[in-house]
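Please open the model in a viewer and follow the selections below in order. Each stop names what to select and then describes what is found there.

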Amino acid sequence: MMLLSDVEIRQAIKEKRIGIEPFHEPSLQPASYDLRVGKRMLVSGVVEEIDMERKRSVVLKAGQFALLTSFERIRLSDDVAAHIGMKSYYVRKGIVLLAGLQIDPGWDGYLVLGIYNASPRSITMDYQSPICTVDFYGLAVPASEGFRASEEQRAGEIPRVDKDYLRTLETETLSEMSESVRRLSENVSTLTTVTYRFVIPILLMILGSVVAKFFV
């Protein structure tokens, strides 16, 4: 298996061994191609699917999960495979890629990427911004049978099974956890104040009366 350079990627596109639609010239790197945020996004805690083409950007809170489609449709022949990696820009900000790392030979469709904001801050995801990088590999021997993407992925939609799972996923975001910890801290502080001001004096009074009986 051999990693393809930008020159080889261009040649493979001409030979129709690789398809990238729409092809974006600035996205082609020396030995990879940058995929962009596509039209569909679904965020944990939000019921409705987000139309990124209309909304243009979405704020992903700390601790939130999201599913999104790639802007580009990828086609691979049976003698080409690909690997996916998160753009370092988002990695440095704390975004974790939860999608499968390989695109199998024969793939034809849009990618559905799972991402998680592992940072303590909110991060804005912009429509058509570079989200992940794809490395292409030429196989010495073509696969015996190409992978077949689902109808939903070929249409650029988030699969219903993934939507249903994310909508029923009950998670507390990091910001909500922080607020819970803050409230707990306040409650403990209040309880401590009450204990020192009222409970301890009452206990000392009771203890004093009990001790006094022994000396009467």
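Two strands are said to pair if DSSP finds at least two bridges between them. By that criterion, S4 and S13 pair in the antiparallel sense, with four bridges. The model on display is a predicted one.

**The whole chain**

Begin with a cartoon of the entire protein, which contains six helices and 13 strands. Of its 216 residues, 37% count as buried. Switch to a surface view: the accessible surface is about 12,900 Å², and carbon and sulfur atoms account for 57% of it. Among contacts between residues at least 6 apart in sequence, 75% join residues at least 24 apart.

**Strand S4 and its partners**

Select strand S4 (32–43). Ten of its twelve residues are buried, so S4 is largely enclosed by the rest of the structure.

Which residue of S13 stands opposite Arg36? Display both side chains, and Pro130 will be found in that place. Next, add strand S7 (residues 65–76), which pairs with S4 in the antiparallel sense over four bridges. Here Val37 stands opposite Ser70.

Now add S3, which is antiparallel to S4 and is joined to it by two bridges. S3 and S4 form a hairpin, with two residues between them. Within this pairing, Leu28 has Tyr33 of S4 as its bridge partner.

S5 is a further partner of S4, again antiparallel and over two bridges. Arg40 stands opposite Asp51 of S5. The hairpin of S4 and S5 has six residues between the strands, and Gly45 in this hairpin takes a positive phi near 90°.

Stay in this loop and select Val47, located between S4 and strand S5 (50–51). Val47 counts as exposed because its relative accessibility is 59%. Add Asp164: the two residues are 117 apart in sequence, while their C-alpha atoms are 9.9 Å apart in space.

**The loop between S2 and S3**

Move to the loop between strand S2 (18–21) and strand S3 (28–29), and select Ser27. Is Ser27 buried or exposed? Its relative accessibility is 3%, so Ser27 counts as buried. Leaving aside residues up to four places away in sequence, Ser27 touches Ser32, Tyr33, Asp34 and Arg36.

Pro22 belongs to this loop between S2 and S3 as well. Inspect the backbone there: Glu21 and Pro22 are joined by a cis peptide bond, with omega about -5°.

**Positive phi outside glycine**

Select Lys16 in the loop between helix H1 (6–14) and S2. Lys16 is not a glycine, yet has a positive phi of about 65°. With 72% relative accessibility, this lysine counts as exposed.

Gln128 is the next selection, in the loop between strand S12 (123–126) and S13. Its phi is also positive, near 70°, in a residue other than glycine. Gln128 counts as partly exposed, at 30% relative accessibility.

**The nonpolar cores**

In soluble globular proteins, nonpolar side chains tend to be buried together. The largest nonpolar core here has 41 residues, of which Met41, Leu76, Ile115 and Phe136 touch the most other members. Apart from this core lies another, of five residues, including Leu42, Val112, Ile158 and Leu166.

Centre the view on Ile115 and show its surroundings. Not counting residues up to four places away in sequence, the contacts of Ile115 include Leu60, Phe65, Leu68, Met86, Ile95, Leu98 and Met125. Gln64 is also one of the residues that Ile115 touches.

**Aromatic pairs**

For the last stop, display the aromatic rings; five aromatic pairs are found in the whole structure. Tyr89 and Tyr90 form an edge-to-face pair, at 5.0 Å centre to centre and with 80° between the planes. Tyr89 counts as partly exposed at 45% relative accessibility, whereas Tyr90 counts as buried at 3%.

Why is the pair of Trp107 and Phe147 stacked? The ring centres are 5.8 Å apart and the planes lie at 15°, and planes under 30 degrees apart count as stacked. This pair links distant parts of the chain, 40 residues apart: Trp107 is in the loop between strand S10 (102–103) and strand S11 (108–117), and Phe147 is in the loop between strand S13 (130–138) and helix H4 (151–154). Trp107 counts as buried, at 7% relative accessibility, while Phe147 counts as partly exposed, at 37%.

Definitions and conventions: Residues are numbered from 1 along each chain as its sequence is written. Side-chain values use heavy atoms; hydrogens and water are left out. A nonpolar core is a set of buried Ala, Val, Leu, Ile, Met, Phe, Trp, Tyr and Cys residues joined through side-chain atoms within 4.5 Å. Buried means under 20% relative accessible area, exposed over 50%, partly exposed in between (1.4 Å probe, protein chains only). Contact means heavy atoms within 4.5 Å. Accessible areas come from the Shrake-Rupley method with a 1.4 Å probe; for residues, only the protein chains shown count as cover. Rings of Phe, Tyr and Trp (its six-membered ring) pair if their centres lie within 6.5 Å; planes under 30 degrees apart count as stacked, over 60 as edge-to-face and the rest as tilted.
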